[in-house]
Amino acid sequence: MIKIKPVAAERLPDLLRLMPKAELHMHIEGSLEPELMFALAQRNGLAMAYPDVAALRRAYVFDDLQSFLDIYHKGTLVLRTEQDFYDMALAYLERAAADHVLHAEIFFDTQTHTGHGLSADVVINGLHRACVAGRAQFGIDSSLILCFLRHLSEREAFECLEQALPHRDKLLGVGLASSEVGHPPEKFAQVFARARQLGFRLVAHAGEEGPPAYIWSALDVLKVERIDHGVQALQDPALIARLVKDRIALTVCPLSNLKLRVFQNLAEHNLGRMLEAGIVATVNSDDPAYFGGYINQNFCQTFASLGLTAQQAYQLARNSFEASFVDATAKAAYLERLDTCFETFV
Ligand code: ADE
Ligand code: ZN
């Protein structure tokens, strides 16, 4: 670990933007910007429910997770072809690379799209092709994590896993997303056990709106390696101790938490307290097209609101690489680039 020089508050945004980072919590369908949504609707001969981009953006006001998921789901209706998934993912990778994201582990789901009559093959092939192109065109590494939708049944999650298996080599892991409260992790115990046998890396959303008990069961029943969100963990001292002891990372998404009213303002966010407690927290964008910013916006706004420091910026970026699922060699190479950035920043 290098020694971090203090950085004046007005220079911190530059450092936050420049520093190499990994993004570990980003739903590709949540990167679909209104402009691209309108373009895809036109290309596919579909009508939009809003007259223009500005009207659509004005509708992005949410009370909670469910009110967001209802609008988000409607947005996915414009995705009809492999090319649509490719275009959406490549647009994200270009933006992420501009934010100095070196590595992205991207969430997607197939159940939304198979529910609209598409095959899982179309979704996975389009996204995978974009990951390959992202590396060639923008120098960004990326991989795919298939999320099961927790408001659906475990039987449907098994079907989803089955449909994805011909593409096993294109997938890094499985996750769990969608409406949290009332759908505890243990509902998916069997399908996660099967995915684990198959060698998938495991993550799950837990403790976004749901209680600390959901984080416990994601860890102890599903045996996930990272927790997505996990902001409710700070209510439970024993859980904090467990996260710290086992170095379980939380993929925190501050602007998402703000827009979905998990916190009423960013100054109340518990990211700083997580770092003080020794939790391996990371900063991510969740659904940036809906929540008003990509990863660097999440960093800059949160740092401004909480008064966080260059040392904490380094810690968060370092955590993002340490919590990623890349091998030890790649991790060491990313961390070296991170150290060089902090050593040479003036
Ligand atoms: N799917 C997309 N964004 C999500 C979030 N913040 N929580 C749960 N499921 C999601
Ligand atoms: Zn999420």
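Biologist: In this predicted model, how do the side chains of strand β7 (residues 249-252) point, and are they buried or exposed?

Modeller: Ala249 and Thr251 point one way from β7, while Leu250 and Val252 point the other way. In a regular strand the side chains alternate between the two faces of the sheet. Each of the four residues is buried, a term that requires a relative accessible area under 20%.

Biologist: What makes β7 a partner of strand β6 (residues 226-229)?

Modeller: Pairing requires at least two bridges, and β6 and β7 have 3, in the parallel sense. Arg226 stands opposite Ala249 of β7.

Biologist: How do you know that β7 pairs with strand β8 (residues 281-283)?

Modeller: The criterion of at least two bridges is met here by 3 bridges, again in the parallel sense. Within β8, Ala281 is the bridge partner of Leu250.

Biologist: Which elements make a right-handed β-α-β unit?

Modeller: The unit consists of β6, helix α11 (residues 237-245) and β7. The term right-handed means that, with the strands pointing away from the viewer, the path from the first strand over the helix to the second runs clockwise.

Biologist: What makes His25, His27, His205 and Asp286 donors of the zinc ion (ligand 2)?

Modeller: Donors must lie within 2.8 Å of this metal. The NE2 atoms of His25, His27 and His205 and an OD atom of Asp286 lie 2.0 to 2.2 Å from the zinc ion, so they qualify. In sequence the donor residues are spaced H-x1-H-x177-H-x80-D. His27 belongs to the loop between β1 (21-23) and α2 (34-43), and Asp286 to the loop between β8 and α14 (288-291), so this pair ties together parts that are 259 residues apart in sequence.

Biologist: Why is the arrangement of the 4 donor atoms around the zinc ion called irregular?

Modeller: Their angles run from 83 to 172°. A tetrahedral site would need all angles between 85 and 135 degrees, and the range exceeds those limits at both ends, so the arrangement counts as irregular.

Biologist: Why are His27 and Asp286 called buried?

Modeller: The relative accessibility of His27 is 8% and that of Asp286 is 2%. Both values fall under the 20% cut-off, so both residues count as buried.

Biologist: How do you know that His27, Asp286 and Asp287 have polar contacts with ligand 1?

Modeller: The cut-off for a pair of N or O atoms is 3.5 Å. A polar side-chain atom lies 3.4 Å from a nitrogen atom of ligand 1 in the case of His27, 2.7 Å in that of Asp286 and 2.6 Å in that of Asp287. The residues around ligand 1 also include Leu65, Phe68 and Tyr72.

Note on methods. Residues are numbered from 1 along each chain as its sequence is written. Chains are lettered from A and ligands numbered from 1 in the order in which they are written. This is a predicted model: local features need pLDDT of at least 70, side-chain atom pairs count only at pLDDT 80 or more; totals for chains, interfaces and linings use all residues. Side-chain values use heavy atoms; hydrogens and water are left out. Buried means under 20% relative accessible area, exposed over 50%, partly exposed in between (1.4 Å probe, protein chains only). Helices (H or I, at least four residues) and strands (E, at least two) are DSSP runs, numbered from the N terminus. Donors are N, O and S atoms within 2.8 Å of the metal (3.2 Å for Na, K and Ca); water is not among the atoms, so sites may look incomplete. Four donors count as tetrahedral if all angles lie between 85 and 135 degrees; four count as square planar and six as octahedral if opposite donors are over 155 degrees apart and all others between 65 and 115; anything else is irregular. A residue is near a molecule or strand if one of its heavy atoms lies within 4 Å of it. A polar contact is a pair of N or O atoms within 3.5 Å; within protein, one must be able to donate a hydrogen and the other to accept it, and residues adjacent in sequence count only if both atoms are side-chain atoms.
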